[in-house]
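Please load the model in your viewer and keep the residue selection tool at hand. The tour goes from one selection to the next and says at each stop what is there.

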Amino acid sequence: MLACVALFWFALHYTNEAVVRSIIENIQAIVSGSGNSGPLTSSIASIQGASVWFVFFSLVGVAVVFALLFSKYMLLPARNTLHYQKLFISNVAHELRTPLSVIKTSTEVALMDDGLPPTTKDVLGDIVRELDRISEIINNLLSLNTLNRPERMQLSNVSLSGIADTVIGRLDALARERNIELTFRKEGYDVVWGNATGLEQVVSNIIKNAINYTQKSSGGVVSILIRPDYRGSIIFSVSDNGIGISQKDLAHIFEPFYRADTSRVRNIRHGGSGLGLAIVSEIVRGHHGKISIESARTHGTTVSVSLPVGRTKEQQEERLSPPGVRSEMSIDFSHGRAEQTPPSASEEA
């Protein structure tokens, strides 16, 4: 405020002095007979215009300086709080891993005793499953904490179908347990530019969600497709004929810890942490890809992820994010179906 007042005072003082000086010069020219009053009007107009531009650019400069000082000092507590929050989550998650591993190992050793009563075995089995769930939540927290710095990801050419084969082999037992058929089809080129570990999480979380939210023993089918896109991307899509996602839930499914209410639906595997799709969204964002979800209640869901195609040796030396990249989000609820696209990268025209 003081800077603005001083600026306006200086501009007013300068303008008044310049106008007075111009009037005096004009009067002297008239008295001496070497001029007339015509140039006085244009001279004053010129002084006023220069003053307006001076005030404008000065205000812009003051605003920029104020914004820089505000972002550096006023937002410092918020940045420190976020930093310590991430550090706390990371430390707690790492500290919990060791005792959970000890408890799980001891429980699994106890389960190897053939003399245990069936009831005790069931209880110990439930404990192991809950420990696995807690471990998954901890791993997801660590992943989400790490993904806040996507620039740390090491990128290279990765075969997406190879990752899909590995994940499908790992989740095949879960699908067979729920009597759900897994199908996988690859069409053409499948190499993407990305981080293998991060993309494995993307593929695993999406396929696992499709299995969990398809009713058990209901003729469920989860179809996985990898194909090139005409726009120079590789599309990874997972379709199921499960319970679908409501419009209300679809707008929030990428939020951490958000879980849709499926308590009234039978034969659905509950117990997720609500972090899976949040992690998927962050990883796809870090790859400058695009994720979209199309769903209808009781008719299933299709999740599609678009990732940048693999690079040649010359292209690998370029930056992953070219100039003119902007984020987009769109939601379409037309015709009773819904499609949401979280932040993705597209090139300015």
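**First stop: a glycine in a loop**

Select Gly-220, which is buried, with a relative accessible area of 3%; that value falls under the 20% limit for buried residues. Bear in mind from here on that this is a predicted model. Gly-220 is found in the loop that runs between α6 and β4, the latter spanning 221–228. Leaving aside residues up to four places away in sequence, Gly-220 touches Asn-179, Ile-180, Glu-181, Thr-214 and Asn-241.

**From Gly-220 to Asn-179**

Now add Asn-179 to the selection and look at the two C-alpha atoms: those of Gly-220 and Asn-179 are separated by 7.3 Å, although the residues are 41 residues apart along the chain. Asn-179 is found in the loop between α5 and β2 (181–186). Is Asn-179 buried or partly exposed? With a relative accessible area of 47%, Asn-179 is partly exposed. Its backbone also deserves a look, since phi of Asn-179 is near 55 degrees, a positive value in a residue other than glycine. Most residues other than glycine have a negative phi.

**Helices α5 and α6**

Next, display helix α5 (residues 160–177) together with α6, whose axes come within 9 Å and cross at roughly 35 degrees. The crossing of α5 and α6 is right-handed. To see the contact, show the side chains on both helices: in α5, the residues involved include Leu-160, Ile-163, Ala-164, Val-167 and Leu-171, and they belong to a set that meets residues of α6, among them Ala-196, Leu-199, Val-203, Ile-207 and Ile-211. When following the spacing of such positions, recall that an α-helix has 3.6 residues a turn, so residues three or four places apart point the same way.

**Helices α6 and α8**

Keep α6 (residues 196–212) on screen and bring in helix α8 (residues 276–286), which packs against α6 at an angle of about 145 degrees, with the axes 9 Å apart. The crossing of α6 and α8 is left-handed. On the α6 side the contact is made by Gly-198, Leu-199, Gln-201, Val-202, Asn-205, Ile-206 and Asn-209, while α8 contributes Gly-276, Leu-277, Ile-279, Val-280, Ile-283 and Val-284.

How many of the 11 residues of α8 are buried? Nine of them are, so α8 is largely enclosed by the rest of the structure. The buried residues of α8 include Ala-278, Ser-281 and Gly-286.

**Leaving α8**

Move on to His-288, which is found in the loop between α8 and β6 (290–296). His-288 has a phi near 55 degrees, a positive value in a residue other than glycine. At 29% relative accessibility, His-288 counts as partly exposed.

**A patch on the surface**

Switch to a surface view and select Val-65, Phe-66, Leu-69, Phe-70, Tyr-73, Met-74 and Leu-75, which make a nonpolar surface patch of about 720 Å². Within this patch, Phe-70 lies in helix α2 (residues 38–74) and is partly exposed, with a relative accessible area of 37%.

**The whole chain**

Finally, clear the selection and view the chain as a whole, which holds eight helices and 11 strands. Of its 349 residues, 34% count as buried, and the accessible surface comes to about 21200 Å², of which 58% belongs to carbon and sulfur atoms. Among contacts with a separation of 6 or more, 69% are accounted for by residues 24 or more positions apart.

Terms used
Residues are numbered from 1 along each chain as its sequence is written. This is a predicted model: local features need pLDDT of at least 70, side-chain atom pairs count only at pLDDT 80 or more; totals for chains, interfaces and linings use all residues. Side-chain values use heavy atoms; hydrogens and water are left out. Patches are made of residues with over 30% relative accessible area and no salt bridge: like charges are joined within 9 Å, nonpolar side chains (Val, Leu, Ile, Met, Phe, Trp, Tyr) within 5 Å. Accessible areas come from the Shrake-Rupley method with a 1.4 Å probe; for residues, only the protein chains shown count as cover. A salt bridge is a side-chain nitrogen of Lys or Arg within 4 Å of a carboxyl oxygen of Asp or Glu. Helices (H or I, at least four residues) and strands (E, at least two) are DSSP runs, numbered from the N terminus. Buried means under 20% relative accessible area, exposed over 50%, partly exposed in between (1.4 Å probe, protein chains only). Contact means heavy atoms within 4.5 Å. Axes are lines fitted to C-alpha atoms, for helices over the stretch in contact, and angles run from 0 to 180 degrees between N-to-C directions. A crossing is left-handed if the near helix is turned anticlockwise from the far one by less than a right angle, and right-handed if clockwise.
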